[in-house]
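Biologist: Could you take me closely through the sheet of this model and what packs around it, strand by strand, with the pairings and angles spelled out?

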Amino acid sequence: MRDLEIRDDRAAGRLEALSGGEVVGRIEYFVLDSPERALVPVHTIVEPAHEGQGIAGALARELYGIAAREHSAVAPLCPYVVKWAERHPDEAPPAGQTLLTAAKDWLAEHPGRF
């Protein structure tokens with residue numbers, strides 16, 4: 001994997017991976033405030049020319065790192081992040097069912113957001 005810069009565009013709800021100034025991947029997410037504060041990843045996207053380089057994993061790892069630094073949970077709805085978390089339980093504490101249900105409800109209430 002090339003050197004990546006990962007930046008959090010919180011206002012847009014995107015965690016972006018950049019290589020050479022170009023966005024090569026991203027996780028789209030939202031912030032949930034109740035029943036507890038959580039980052040909720042919905043989609044992970046890597047540009048086709050950059051697939052297989054570990055970009056999605058680097059994004060997932062950074063998302064969990066941000067959550068830890070902010071004392072927030074992660075309630076993954078994105079299938080990739082769910083699988084990544086299962087493979088990295090030491091870095092990705094599981095979300096409780098109440099939190100996951102709240103995240104799914106928020107997403108259903110905001111159908112145009114993603």
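Modeller: Strands E3 and E4 are joined by a hairpin that passes through 5 residues, and in this predicted model the two strands run antiparallel, with 8 bridges between them. One of the pairings there sets glycine 25 opposite valine 46 of E4. The loop between E3 and E4 also holds proline 35, and the peptide bond that leads into this proline from serine 34 is cis, its omega being near 15 degrees.

On the other flank of E3 comes strand E2, residues 14–19, which is likewise antiparallel to E3 and is tied to it by 6 bridges; within that pairing, glutamate 16 has arginine 26 of E3 as its bridge partner. E2 and E3 form a hairpin as well, with 2 residues between the strands, and glycine 20 in the turn carries a positive phi of about 60 degrees.

From E4, which covers residues 38–46, the sheet continues to E5 through 2 bridges, and here the two strands run parallel. Leucine 39 finds its bridge partner in E5 at valine 74. Taken as a whole, 5 strands make up an open sheet, its order is E1-E2-E3-E4-E5, and its pairing is mixed. Strand E1 (5–9) and strand E5 (73–74) each have a single partner strand and stand at the edges, so each of them has one side without a neighbour in the sheet.

Helix H3, residues 97–109, packs on this sheet and touches E3 (22–32), E4 and E5, and its direction makes about 105 degrees with that of E3.

Two further helices pack against each other. Helix H1 (residues 55–69) and helix H2 (residues 79–87) meet at an angle of about 75 degrees, and their axes lie 10 Å apart; with angles of 65 to 115 degrees counted as roughly perpendicular, H1 and H2 are therefore described as roughly perpendicular to each other. On the H1 side the contact is made by Ala56, Gly57, Ala60, Arg61 and Tyr64, which meet Tyr80, Val81, Trp84 and Ala85 in H2. Sorted by class, this contact between H1 and H2 comprises 7 nonpolar residues, 1 polar and 1 charged.

H1 also supplies a residue that links back to the strands, namely leucine 59, which is found in this helix. Leucine 59 has 0% relative accessibility and therefore counts as buried, and, once its neighbours within four places in sequence are left aside, leucine 59 is in contact with Ile6, Leu15, Glu16, Ala17, Gly25, Arg26 and Ile27. Among these contacts are Glu16 and Arg26, the two residues that are bridge partners across E2 and E3. The C-alpha atoms of leucine 59 and glutamate 22, by comparison, are separated by 15 Å, the two residues being 37 residues apart along the chain.

Between H1 and E5 runs a loop in which histidine 71 is found. Histidine 71 is not a glycine, yet its phi is positive, at about 55 degrees, and its relative accessibility of 75% means that histidine 71 counts as exposed.

As for annotation, an unreviewed UniProt entry places the feature "domain: N-acetyltransferase" at residues 7–96. In the model, the end C-alpha atoms of that span lie 27 Å apart, and the span is 27% helix and 34% strand.

Key:
Residues are numbered from 1 along each chain as its sequence is written. This is a predicted model: local features need pLDDT of at least 70, side-chain atom pairs count only at pLDDT 80 or more; totals for chains, interfaces and linings use all residues. Side-chain values use heavy atoms; hydrogens and water are left out. UniProt positions are given in the numbering used here, feature names are shortened, and annotations may be inferred rather than shown by experiment. Helices (H or I, at least four residues) and strands (E, at least two) are DSSP runs, numbered from the N terminus. Two strands pair if DSSP finds at least two bridges between them. Contact means heavy atoms within 4.5 Å. Axes are lines fitted to C-alpha atoms, for helices over the stretch in contact, and angles run from 0 to 180 degrees between N-to-C directions. Angles under 35 degrees count as roughly parallel, over 145 as roughly antiparallel, 65 to 115 as roughly perpendicular and the rest as oblique. Ala, Val, Leu, Ile, Met, Phe, Trp, Tyr, Cys and Pro count as nonpolar, Asp, Glu, Lys and Arg as charged, and the others, Gly among them, as polar. Buried means under 20% relative accessible area, exposed over 50%, partly exposed in between (1.4 Å probe, protein chains only).
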